[in-house]
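I opened a new page for this one and wanted to get my bearings. These are my jottings, in the order I looked things up.

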Amino acid sequence: MSRSYTVSQLAQLAGGTLRGDGCGIITAVADVLEAGPDDATWVTRSKYRDAIRDSRAGVVFVPADFPATPMPAILSDHIERSVAALLNAFARPVSRPHPGVHSTAVVHETARIGESSAIGPHVVIDAEVSVGARCIIHAGVFIGRGSTIGDDCVIWPNAVIRDGCTLGSRVILHPNAVLGADGFGYFFEEGAYQKIPHGGGVLIEDDVEIGACSCVDRAKFGNTIIGRGTKIDNLVQIAHNCRVGKNCVIAGNSGFAGSVRTGDGCVIGGRVSVLDHNAIGGGVSVAAMAVVTKNIEDGATVGGHPAQDLRVELREQAALRKLPDLLARFKKLIERVERLETSAHDNP
Amino acid sequence: MSRSYTVSQLAQLAGGTLRGDGCGIITAVADVLEAGPDDATWVTRSKYRDAIRDSRAGVVFVPADFPATPMPAILSDHIERSVAALLNAFARPVSRPHPGVHSTAVVHETARIGESSAIGPHVVIDAEVSVGARCIIHAGVFIGRGSTIGDDCVIWPNAVIRDGCTLGSRVILHPNAVLGADGFGYFFEEGAYQKIPHGGGVLIEDDVEIGACSCVDRAKFGNTIIGRGTKIDNLVQIAHNCRVGKNCVIAGNSGFAGSVRTGDGCVIGGRVSVLDHNAIGGGVSVAAMAVVTKNIEDGATVGGHPAQDLRVELREQAALRKLPDLLARFKKLIERVERLETSAHDNP
Amino acid sequence: MSRSYTVSQLAQLAGGTLRGDGCGIITAVADVLEAGPDDATWVTRSKYRDAIRDSRAGVVFVPADFPATPMPAILSDHIERSVAALLNAFARPVSRPHPGVHSTAVVHETARIGESSAIGPHVVIDAEVSVGARCIIHAGVFIGRGSTIGDDCVIWPNAVIRDGCTLGSRVILHPNAVLGADGFGYFFEEGAYQKIPHGGGVLIEDDVEIGACSCVDRAKFGNTIIGRGTKIDNLVQIAHNCRVGKNCVIAGNSGFAGSVRTGDGCVIGGRVSVLDHNAIGGGVSVAAMAVVTKNIEDGATVGGHPAQDLRVELREQAALRKLPDLLARFKKLIERVERLETSAHDNP
């Protein structure tokens, strides 16, 4: 826990250029305004430029063209990458089971485990599962029959991957996430809901990350698909037969109903809902809390319930603020018109 | 994975009548517009009737009175049941622990396990639990003290059934679902929140299904009840002392606060919220995203926040679309009235 | 299950004063209107005072100054505390692993387990973990490297505490809750989202309770903090670097985005959303469903989307109810003005 670096060491480690004294000792990372002389901090956006003047940080990471700062600075052409290196330098040690299969794990004899992969305590891996190389399967994870995991995946404790799921490489699944639960579909017959079989699977492409307690349901047929590089936050629901594009970001508490599709590069805010069978184009931004009730065209920015062009939505929100006043003013206007009418009548 | 059937075999398997050539080989199920010559597809609703003309599917399942199609058709008097049979025919194999108790399961000596039930790896079953016949309790499930499970239940991995819960027969619990966590209740005394004991339980009646990461909290006294045949989607919260009727459907991300009651046969859309102590009548439909803040009478269809008659709600949503324009027009109207007033004053 | 008490015994047990006959036998607790002669019930609030007249309960718990009731009453100066004692008296027995480490638990040799703590089956405790005295760590729980748990904590089954988390004393974590998953943060570079390391931890102070399937993400640096005595319901998301104050209550399905802060003593209703970096003052009440999009000052009561003073919000909601009518009336008013204009023009 008590790691420390000199300012110079941090500059080297983060691929930045030192401006000022490199001898200071840094023992932690902190927020600009809370940092003390032993802390490193960073400013990536111009809106925080003023804050750095009042900061007591021992060193600040800034973009390469940043003006003078009251403390030593580490200048970087790739400020976000440098900050990531800084955070890594002070990151707490992370749990990591040893390579090999823990003695308490239950691995079916037909399952194949790739080179250098670590299978933690109490993991259960069912028949015909394939786990690639260098994976970390943490304690209590369940991988159902016939599922396939690529290389370099990290599955955190107690996540559940049911049968018939396919994960690419470098996939991260956070604790208690669930892949491949039955889709939610029934038909009503003979006085009761009858279950529609969901005999398909889930396909998670390379470099996808799925948050804690998030769920991706299996398809009726074929696969529910999460495209390459897409990142999904905690407590998100992706229903059966959805197809999410590549390099999308879906923030926490969002929910996609059945058979929703998105293009690539979408940014979906927190607690967004998309009703079933709607298609969202490529490069779409959906504001937090929006409810998508129809198809959205490529490149649109939408918000509200039902979701519409965000500027129109914001205009309506602003107008709503004025509505109580409008009602009062409308009442007065009616009185004025009545007076005019009376006057016109009296004086025809 | 590489199963195949002739069209004739599928007709027989699905209880339908073949119209056209029965010799084609079918290897998968696909969407109408994506299906190729080796795929089966289906059309249950008239709105998709046109789509079938452009479909390349090898066979299509349709209702018995469906008009001619460009490919062989399987006609069914019970189209949804026939489609379910089709989906089952191609379903991926599912994980299923062997009957008996896995050697790594920890089952209390006072627990009783019914005939032919399968208790998977790392399952924990506490004292005085009773599990019925032919149940499948998957890996990592916890069943707390004194809980009772009926016959033919399926509990998917890592679900938690705490103490004092009662499940009927044919109940399905999806991965990481939680039954019987303490209700959320406190009173404030001596400068801190004091916990109200939730000493009751949870009663899940026959044929109920509860989604992944959904929670049904235990009651303060008596039981939180989910009625027979009710289906609950993923990430749904049912708070302490709720009583949900029979044959209800509750879509994903919904939440019922404490002591909510519903009649039978309700359809609750996605992300619906019901505030505490409200009663929803029988046969009520609640539109997605609605917030129920008062009692709802039998048979109503409601939506919005606060929820009201859905037609009224939609009228208000439409009116809101016109509000910015109304504000502009109101401003102009005032000017016109002012001109009239000036004119009247000038010309009394 | 079949416990019973005389009315006198219940009065003593609950620290109340008996009024009326103390010999009746009570075998359960029930709702005022559903209680029968064998049931105890209670009335804490004046709004239910009328209900007691029609109740058939065998005994009723009431505040000390409560008027006469048709059945024996137990009067209490601390009615909520007395009701808690009543509920405890009839609470179902709860699962509780034996003190010591279960033979199937996997505890790292460098971990320290305090006196009288019970470590249940299939628990995994990683290196350098410290668990205090008298803790109950239920089946399937994972505690990651270097985490610290105080005294008298209860961690329910399959909850996950990742590495680098610190829990105070008397913390309760409900089933499948997740502490310390990576925060949701990326930067876009070279055509893909790059993960921002979240090397910080989570700090849960004394007497905090966190609901089933709720998530508190780890910080980028420092800690995500939940203040002493704060209670969090099920399915709640608290993102990286949030700092929640002391003695707050956060109801189910709520979500706090990154770096949100609250003061002490806040009451956050169900399904509330707080957008990132916003600060909520001390003693703030946020109505259910509200969306907090800016800082909120101490003591405010807010609601709506975006959240504003609750009275203003309710006025707008009421105004919205009148909007369709306003549109119709506006149309008529324009016609009247047009008639006046025509008349003024004809008759200048």
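**Entry 1: one contact between chains B and A.** I started with a single pair: Glu316(A) makes a salt bridge with Arg321(B), and their closest N and O atoms are 2.8 Å apart. I should jot down that this is a predicted model.

**Entry 2: which parts of chain B face chain A.** I went through the elements of chain B and found that α3 (79-89), β28, β31, α4 (310-321) and α5 (323-346) each supply at least two residues of the side that touches chain A. Which one gives the most? That is α5(B), with 12 residues. I then sorted that side of chain B by class and got 37 nonpolar, 15 polar and 13 charged residues.

**Entry 3: the B and A interface as a whole.** I looked up the totals next: 65 residues from chain B and 73 residues from chain A take part in the contact. The two chains bury about 5500 Å² between them, with 63% of it on carbon and sulfur atoms. In chain B, I noted Arg92(B), Arg271(B) and Phe330(B) as the residues that lose the most area to chain A, together 12% of what that side buries. The rule finds eight salt bridges across this interface, and I have 24 residue pairs in polar contact, both residues at pLDDT 80 or more.

**Entry 4: a sheet in chain B.** I followed the strands of chain B and found 12 of them in an open sheet, with mixed pairing, in the order β8-β11-β14-β17-β20-β25-β28-β31-β34-β37-β39-β40. Where does the sheet end? Its edge strands are β8 (100-101) and β40 (308-309) of chain B, each pairing on one side only. I zoomed in on β28 (residues 231-232) and β31 (residues 249-250) of chain B, which pair in the parallel sense over two bridges. Ile232(B) stands opposite Ile250(B) there.

**Entry 5: chains A and C.** How is chain A related to chain C? I can lay chain A on chain C with an RMSD of 0.1 Å by a turn of 120° and a shift of 0.0 Å along the axis. That is the relation of a three-fold axis.

I checked their interface too: 65 residues of chain A are in contact with 73 residues of chain C, and the pair buries about 5600 Å², 63% of it on carbon and sulfur atoms. I count eight salt bridges between chain A and chain C. Arg243(C) forms a salt bridge with Glu34(A), the closest N and O atoms being 2.6 Å apart.

Definitions and conventions. Residues numbered from 1 in each chain as written. Chains lettered and ligands numbered in written order. Predicted model: local features only at pLDDT ≥ 70, side-chain atom pairs only at ≥ 80, totals over all residues. Heavy atoms only, no water. Pairing = 2+ DSSP bridges. Helix = DSSP H or I, 4+ residues; strand = E, 2+ residues; numbered from the N terminus. Contact = heavy atoms within 4.5 Å. Buried area = accessible area lost by both parts, 1.4 Å probe. Salt bridge = Lys/Arg side-chain N within 4 Å of Asp/Glu carboxyl O. Polar contact = N/O pair within 3.5 Å; in protein donor to acceptor, adjacent residues only side chain to side chain. Nonpolar A, V, L, I, M, F, W, Y, C, P; charged D, E, K, R; others polar. Least-squares fit on C-alpha atoms with pLDDT ≥ 70 in both.
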